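Grab a pencil and work through a few exercises on the structure below. Each task comes with a solution that goes step by step.

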Amino acid sequence: MPEFVEVEAYANTVRPVIGRAISGIDIRDERLLRRADEGFEVEASHVYGVLGGAVVEAVRRIGKLLLVDLSGEHTMALTFGLRGWLMLDGEIARADGTRRRREAQAEHVRLAIEFDGGHRLVLEDLLRLATLEIDVDETRLGTDILAIDKTEFRELLSRSRATIKGLLMDQRRIAGIGNLIADEILYQGKVDPRRTASDIEGEDLDHLWTGLRTTRERVLERNGSHQGVLIQSGSRERGESCPRCDVEIARVKVGGRTTYFCPEHQR
DNA sequence: ATTGTGGCCTGCCCGC
DNA sequence: TGCGGGCAGGCCACAA
């Protein structure tokens with residue numbers, strides 16, 4: 001599920017508890033903490049110590065990372081893997097702030113946090129790929145996709161020998177782009193995903209930048225990383241054809257990810 | 001150092 | 001229907 005636009009929605013999900021204190025924590029699956037350098041027992045107690053009684057002061061998003069700033073100068077950081085999401089009191093927010101109810105699935109709940117006033121925040125995660133960390137190094141992430149400008153984008157490209165798709169998905173360079181949005185940016189930007197980043201200049205770069213801007217606006221307006229033209233037209237599938245060119249969409253591996261693109265108009 | 005690959009984990013879908 | 005293989009929008013450790 002989650003690329004930047006979904007995590008934006010998760011941030012909106014959490015925001016109603018800003019100003020509330022945490023009254024209970026239930027870590028159902030300690031694998032949530034698996035990135036800890038120390039053993040699970042030690043790390044879990046640290047998490048309980050930091051969260052217990054703390055007041056939520058702010059909720060931020062950088063790329064696909066959700067950051068909850070707490071009283072006591074600590075920050076809880078959540079990632080959601082492929083199939084993770086948050087609900088508050090049985091509701092999930094969209095990127096535009098509207099909310100909808102969602103049925104909880106108890107077997108997939110990995111974390112539950114209670115707040116004063118009776119609010120309950122739940123993290124569900126089908127694949128157990130979500131993580132919780134305290135006080136992560138935020139500088140490991142690049143500029144957020146919504147904040148990057150063309151000057152920085154051009155600069156990033158010119159300095160990288162990676163494939164353009166690999167660069168787009170490299171969270172240390174640009175934070176927030178996943179496999180689907182990368183494919184859509186390249187589709188809109190008319191660039192072959194396998195090209196070397198630093199080779200993209202001039203008109204090609206203009207097109208790609210337009211593709212990035214178009215895509216980030218579109219998925220935000222429509223509330224989902226799966227709202228790109230390539231997917232919505234049904235073309236991001238084996239054997240389907242490009243809605244613009246009517247040639248068969250190509251399917252290749254780039255940067256370890258399955259990649260769909262139009263061999264006709266993406267050059 | 002940078003870039004690319006394999007594997008984690010579970011659930012689902014497709015083809016036999 | 002039942003079963004095995006392939007695959008999933010993320011991320012990390014590791015190899016070249």
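The exercises below start with the overall build of this predicted model and then move on to its domains, core, DNA surfaces and backbone.

**Exercise 1. Work out which secondary structure elements chain A has, and what its radius of gyration says about its overall build.**

Start with the elements: chain A holds seven helices and 14 strands. Next, take the box around the C-alpha atoms, which is roughly 55 × 35 × 30 Å along the principal axes. Now the radius of gyration: a compact globule of 267 residues would come out near 18 Å, and chain A has 20 Å, so the two agree. Then look at burial, where 39% of the 267 residues count as buried. Finish with the contacts: among those with a separation of 6 or more, 65% join residues 24 or more positions apart.

**Exercise 2. Find the domains of chain A and describe how domain 1 meets domain 2.**

Step one is the split itself: domain 1 covers 4-138 and domain 2 covers 142-261. Step two is the spacing, with the C-alpha centres of the two domains 29 Å apart. Step three is the contact, to which domain 1 gives 10 residues and domain 2 gives 10 residues. On the domain 1 side, helix α1 (residues 4-14) contributes the most, with four residues. Sort that side by class and you get five nonpolar, one polar and four charged residues.

**Exercise 3. In the largest nonpolar core, identify the residues that touch the most other members, and say which domains the core draws on.**

The core has 65 residues, and L86 and L168 are the ones touching the most other members. As for domains, at least three residues come from each of domain 1 and domain 2. Now zoom in on L86: skipping neighbours within four places in sequence, its contacts are Y10, T13, V14, I92, L121, V122 and L123.

**Exercise 4. Is V219 buried or exposed, and which residues does V219 contact?**

First place the residue: V219 sits in helix α6. Then count: the cut-off for buried is 20 or more other C-beta atoms within 10 Å. V219 has 24 of them, so V219 is buried. Leaving out neighbours within four places in sequence, V219 touches V5, I181, G224, S225, Q227 and G228. One more pair to check is V219 and E6: they are 213 residues apart along the chain, yet their C-alpha atoms are separated by 9.5 Å.

**Exercise 5. List what surrounds each DNA strand, and sort the residues by class.**

Take DNA strand C to begin with. It is surrounded by 20 residues, of which K64, G178, N179, L180 and T258 are the closest. The elements giving two or more residues to this surface are α5 (179-189) and β14 (257-261). By class, the surface near DNA strand C splits into five nonpolar, 10 polar and five charged residues.

Now do DNA strand B. Its surroundings are L126, L127, R128, L129, S160, R161, A162, T163, G166, G255 and G256. That surface divides into four nonpolar, five polar and two charged residues.

**Exercise 6. How many residues of α5 are buried, and which elements do those buried residues pack against?**

Count along the helix: 11 of the 11 residues of α5 are buried. Among them are N179 and L180, which also belong to the closest residues around DNA strand C. For the packing, the partners of the buried α5 residues are α4 (164-169), α6, α7 and β14. Just past the end of α5, K190 takes a positive phi of about 65°.

**Exercise 7. Place D89 and N223 in the chain, give their phi values, and decide how exposed they are.**

D89 first. This residue is in the loop between β5 (84-88) and β6 (91-93). Its phi is positive, about 50°, although D89 is not a glycine. With 15 C-beta neighbours inside 10 Å, D89 counts as partly exposed.

Then N223, which you'll find in the loop between α6 (202-221) and α7 (229-232). Here phi is near 65°, again a positive value in a residue other than glycine. N223 has 18 other C-beta atoms within 10 Å, so N223 is partly exposed.

Note on methods:
Residues are numbered from 1 along each chain as its sequence is written. Chains are lettered from A and ligands numbered from 1 in the order in which they are written. This is a predicted model: local features need pLDDT of at least 70, side-chain atom pairs count only at pLDDT 80 or more; totals for chains, interfaces and linings use all residues. The radius of gyration is taken over C-alpha atoms; the globule rule is 2.2 Å times the number of residues to the power 0.38. A residue is buried if 20 or more other C-beta atoms lie within 10 Å of its own, exposed if 12 or fewer, and partly exposed in between; C-beta atoms are placed from the backbone. Two residues are in contact if their C-beta atoms, placed from the backbone, lie within 7 Å. Domain bounds come from an automatic or database domain assignment. Ala, Val, Leu, Ile, Met, Phe, Trp, Tyr, Cys and Pro count as nonpolar, Asp, Glu, Lys and Arg as charged, and the others, Gly among them, as polar. A residue is near a molecule or strand if its C-beta atom, placed from the backbone, lies within 6 Å of it. A nonpolar core is a set of buried Ala, Val, Leu, Ile, Met, Phe, Trp, Tyr and Cys residues joined through C-beta atoms within 7 Å.
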